[in-house]
Amino acid sequence: MIAVLRYQIIPVTHYQQNCTLLWCDETREAAVVDPGGNIERILSVLVEHNLSLVKILLTHGHLDHVGGTAALVAAMQATSGSTLLPIEGPHKDDMFWINILPQQAQMMGFTTPQNFQPNVFFEEGDQVGFGNIRLQIRHCPGHTPGHIIFFHAETKLALVGDVLFKGSIGRTDFPRGNYDELVNAIRTKLWPLGDDVKFIPGHGPMSTFGEERLNNAFVADKNFG
Ligand SMILES: [Zn+2]
Ligand SMILES: [Zn+2]
């Protein structure tokens, strides 16, 4: 029997970042992907669906995706007692972004968040689980060097952070960004997962890989002969 994965997108911060709550329908165990901020909103969705949060998953080190991490760990610790919520991801090459959260806050007009240290860094091909759900990890550098994506093979759902958007791709003008690397990651790591894969991007509406292969101005198949 296949465990059912459910999700709810919770746009957070003034960047309207698509923080996403994922949960296993059988066990009610949940993981939150990219808690950029507005943690009271995230906590209320947990209560609304009667879920127990077991980990935080991070796609990359940009503040609008990770800014609420330390506050969420603290809030969960306050309600649940001693156990610290594990922080898993991104790839270790994004640690330099996490190390400069105060500078990111200044640039983006956020209040400076508390710093944190991930408990696990992911590599290409790793898996991560909560409840009876398993997600596959792909390392997709280019927007940031340590950007990862999460893929649920059974329901063909991907959470791609700022790698790919409906009609666009992530910015590559940041330190250690690389346009060619990003396009290559999209074409060699995402497209093979299937045209019918639905994806939740870091910002904006959902789409499918097939739709982007047809119509995305940056990575449509027709751009590459
Ligand atoms: Zn980003
Ligand atoms: Zn973003």
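**Zinc site, helix H1 and some unusual backbone angles**

Lys156 sits in the loop that runs from strand E8 (148–152) to strand E9 (157–161). The model is a predicted one, and this loop is a handy place to start looking at its backbone. Lys156 is not a glycine, yet its phi is positive, at about 55°. With a relative accessibility of 29%, Lys156 falls in the partly exposed class. Arg176 is another non-glycine residue with a positive phi, here about 65°. The loop that holds Arg176 lies between strand E11 (168–169) and helix H6 (179–190). The backbone does something else at Gly89 and Pro90, where the peptide bond is cis, with omega at about -5°. Pro90 belongs to the loop between strand E5 (87–88) and helix H4 (95–99). As background, most peptide bonds are trans, and most residues other than glycine have a negative phi.

Next comes the metal site. The zinc ion (ligand 1) takes its protein donors from His60 (NE2), His62 (ND1), His143 (NE2) and Asp162 (OD), at 2.1 to 2.3 Å. Along the sequence, these donor residues follow the spacing H-x1-H-x80-H-x18-D. The geometry around the zinc ion (ligand 1) comes out as irregular, with angles among the four donor atoms running from 90 to 163°. The upper end, 163°, is what rules out the tetrahedral label, because that label needs all angles to lie between 85 and 135 degrees. For reference, the ideal angle for four tetrahedral donors is 109.5 degrees.

There is a second metal to consider: the zinc ion (ligand 2) lies 3.6 Å from the zinc ion (ligand 1), and Asp162 coordinates both. His62 and Asp162 tie together distant parts of the chain, being 100 residues apart. His62 is in the loop between strand E4 (52–57) and helix H2 (63–66), while Asp162 is in the loop between E9 and strand E10 (164–165). His62 is buried, at 4% relative accessibility, and Asp162 is buried too, with a relative accessible area of 4%.

Moving to the start of the chain, Ile9 is part of strand E1 (residues 5–12). Its relative accessibility of 27% makes Ile9 partly exposed. Thr20 is eleven residues away from Ile9 along the chain, but the two C-alpha atoms are just 4.4 Å apart. Beyond its neighbours within four places in sequence, Ile9 touches Asn18, Cys19, Thr20, Ile200 and Met206. As for cysteines, the disulfide count is zero. Cys19 is in no disulfide, and the nearest cysteine sulfur to its own is that of Cys24, 19 Å away. Cys24 is likewise in no disulfide. Both cysteines are tucked away: Cys19 is buried at 0% relative accessible area, and Cys24 is buried at 0% as well.

Finally, helix H1 (residues 39–48) has a clear inside and outside. Its buried residues are Ile39, Ile42, Val45 and Leu46. These four cover an arc of only 115° around the axis, so they fall on the same side of H1. In an α-helix there are 3.6 residues a turn, so residues three or four places apart point the same way. The other side of H1 carries the exposed residues Glu40, Val47 and Glu48. What do the buried residues of H1 pack against? Their partners are E1, strand E2 (17–24), strand E3 (29–33), E4 and helix H3 (69–80). After H1 comes Asn50, with a positive phi near 55°.

Methods:
Residues numbered from 1 in each chain as written. Chains lettered and ligands numbered in written order. Predicted model: local features only at pLDDT ≥ 70, side-chain atom pairs only at ≥ 80, totals over all residues. Heavy atoms only, no water. Helix = DSSP H or I, 4+ residues; strand = E, 2+ residues; numbered from the N terminus. Buried < 20%, exposed > 50% of the residue type's maximum accessible area, 1.4 Å probe, protein only. Donors = N, O, S within 2.8 Å, 3.2 Å for Na, K, Ca; no water. Tetrahedral: all angles 85-135°; square planar, octahedral: opposite > 155°, others 65-115°. Contact = heavy atoms within 4.5 Å. Disulfide = S-S within 2.5 Å. Arc of directions from axis to C-beta.
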